[in-house]
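Open the model in a viewer with selection by residue number. The stops below follow the strands, then the cysteines, then one short helix.

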Amino acid sequence: MNIEIISAESLGVRGLCCLVTLPDRRIVIDPGIALGSMRHGLLPHPLQVAVGCSVREKILRVLETATDVVFSHFHGDHVPLLDANPYQLSFQALPPCFRELQGWCKSGDGLSSRMSKRFQDLAGLMGAKLQVAEGLSEGPLSFSMAVPHGAAGSNTGSLMMTRIQTGRRVFVHASDIQLLDGPTVDRVIGWRPDIVLAAGPPLYLDRLGKAGRERAWDNAMRLVQGVDTVILDHHLMRSGEGAVWLDELSAAAGRKVYCAADFMGRPRRLLEAERVQLYAELPVPHGWHDDYARGRVDAGGYFDAMGCEAGNPETAAS
């Protein structure tokens with residue numbers, strides 16, 4: 001089993017997409033991307049847009065050779081969209097083979113009207129190849145029933161987790177659980193994984209509160225004590241505080257807890273957290289975002305500011 005994390009906040013974009021390669025399957029989970037439309041009153045910096053373009057192209061490349069695609073839920077940083085904004089992955093960009101992939105998804109039950117439309121859009125695109133998978137098992141794949149997207153009882157919906165096993169190795173993609181629901185973490189540990197990729201808590205949101213922070217910490221410690229390799233990213237790495245929290249968790253646990261960039265052996269690029277700093281250091285021309293949306297400019301030149309070869313943020317120096 002080989003696991004490649006493609007999109008995550010520590011890699012410069014919103015998302016939690018990965019490719020799991022088995023001897024006879026190539027499984028893409030959550031092929032989506034977003035940049036956070038507004039943070040601190042600012043649109044995504046062009047450097048973020050440049051990295052987003054590169055990540056989007058990588059997702060499209062892995063979809064061309066995939067056998068399966070999994071959608072944990074229907075938020076715009078986890079699925080391609082019929083009505084994508086300029087920073088997301090649109091249906092129009094998908095390779096023709098996408099319709100032939102075996103699709104697995106969360107059910108459409110209990111969704112908001114917006115999420116229900118996205119579910120119906122995907123079902124219309126993939127037809128009979130898209131299967132509601134909650135509670136199902138097929139070959140190396142197993143799927144959870146719906147679990148909370150964050151804290152139980154919140155208004156943020158639910159998601160489906162994925163377990164993949166080959167031989168004695170077990171990988172769990174726990175998507176946006178945010179470590180805020182104890183029974184969900186129990187379910188992950190009960191699956192007896194060797195490696196877990198999950199969203200950590202959204203420390204940048206004031207509504208998380210002291211109790212939420214303590215609950216996330218306690219659940220994180222339980223997860224680290226029960227799983228060999230734990231990768232926490234996504235909501236957690238939308239702030240510099242999240243990176244500090246992750247390192248403090250490693251110190252408290254006495255073992256390394258990874259973010260996606262750490263796991264992939266790449267420098268952490270918390271570009272959303274650094275948006276204000278990016279605007280200060282690399283001023284953005286007036287009207288740039290409108291010009292980008294109309295195809296009048298591209299963001300490729302901004303890679304130079306990060307020490308990357310054009311179109312390849314993986315070459316950035318530490």
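Select strand E5 (residues 102-105) together with E4: the two pair in the parallel sense over four bridges, where strands are DSSP runs of at least two residues (E), helices are runs of at least four (H or I), and both are numbered from the N terminus. Pairing requires at least two DSSP bridges between the strands. Phe71 has Cys105 in E5 as its bridge partner. This is a predicted model, in which local features need pLDDT of at least 70 and side-chain atom pairs count only at pLDDT 80 or more, while totals for chains, interfaces and linings use all residues. Residues are numbered from 1 along each chain as its sequence is written, and side-chain values use heavy atoms, with hydrogens and water left out.

Stay on E4 (residues 68-71) and show its side chains. Asp68 and Val70 lie on one side, Val69 and Phe71 on the other, and all are buried, meaning under 20% relative accessible area (over 50% is exposed, in between is partly exposed; 1.4 Å probe, protein chains only). In a regular strand the side chains alternate between the two faces of the sheet.

Add strand E3 (residues 26-29), which pairs with E4 in the parallel sense over three bridges. Ile29 stands opposite Val70. Now select helix H1 (residues 46-64): E3, H1 and E4 form a right-handed β-α-β unit. A crossover is right-handed if, with the strands pointing away from the viewer, the path from the first strand over the helix to the second runs clockwise.

Next, go to strand E1 (residues 2-7). Five of its six residues are buried, so E1 is largely enclosed by the rest of the structure. E1 pairs with strand E2 (residues 17-21) in the antiparallel sense over five bridges, and Asn2 stands opposite Thr21 in E2.

Now display the open sheet of six strands, ordered E7-E8-E11-E12-E13-E14, with mixed pairing. Which strands stand at the edges? They are E7 (137-138) and E14; each has a single partner strand, so one side of each is left without a neighbour in the sheet.

Within this sheet, select E13 (residues 195-199), where five of five residues are buried. Ile195, Leu197 and Ala199 point one way, Val196 and Ala198 the other. Strand E12 (residues 169-173) pairs with E13 in the parallel sense over three bridges, with Val172 opposite Val196. Adding helix H3 (residues 182-190) completes a right-handed β-α-β unit of E12, H3 and E13.

Beside E13, strand E14 (residues 229-233) also pairs in the parallel sense, over five bridges. Leu232 in E14 is the bridge partner of Ala198. From E13 the chain crosses through helix H4 (residues 209-226) to E14, again in a right-handed β-α-β crossover.

Select the cysteines. How many disulfides (cysteine sulfur atoms within 2.5 Å) are there? The count is zero. Cys18 has its nearest cysteine sulfur, that of Cys17, 6.4 Å away; Cys18 is buried at 0% relative accessibility. For Cys259 the nearest cysteine sulfur is that of Cys18, 15 Å away, and Cys259 is also buried, with a relative accessible area of 0%.

Finish at Asp262, in helix H6 (residues 260-263). Leaving aside neighbours within four places in sequence, Asp262 is in contact (heavy atoms within 4.5 Å) with Leu246, Lys256, Val257 and Arg268. A polar contact of 2.8 Å joins the side chains of Asp262 and Arg268. The term covers N or O atom pairs within 3.5 Å; within protein, one must be able to donate a hydrogen and the other to accept it, and residues adjacent in sequence count only if both atoms are side-chain atoms.

Conventions: Disulfide = S-S within 2.5 Å.
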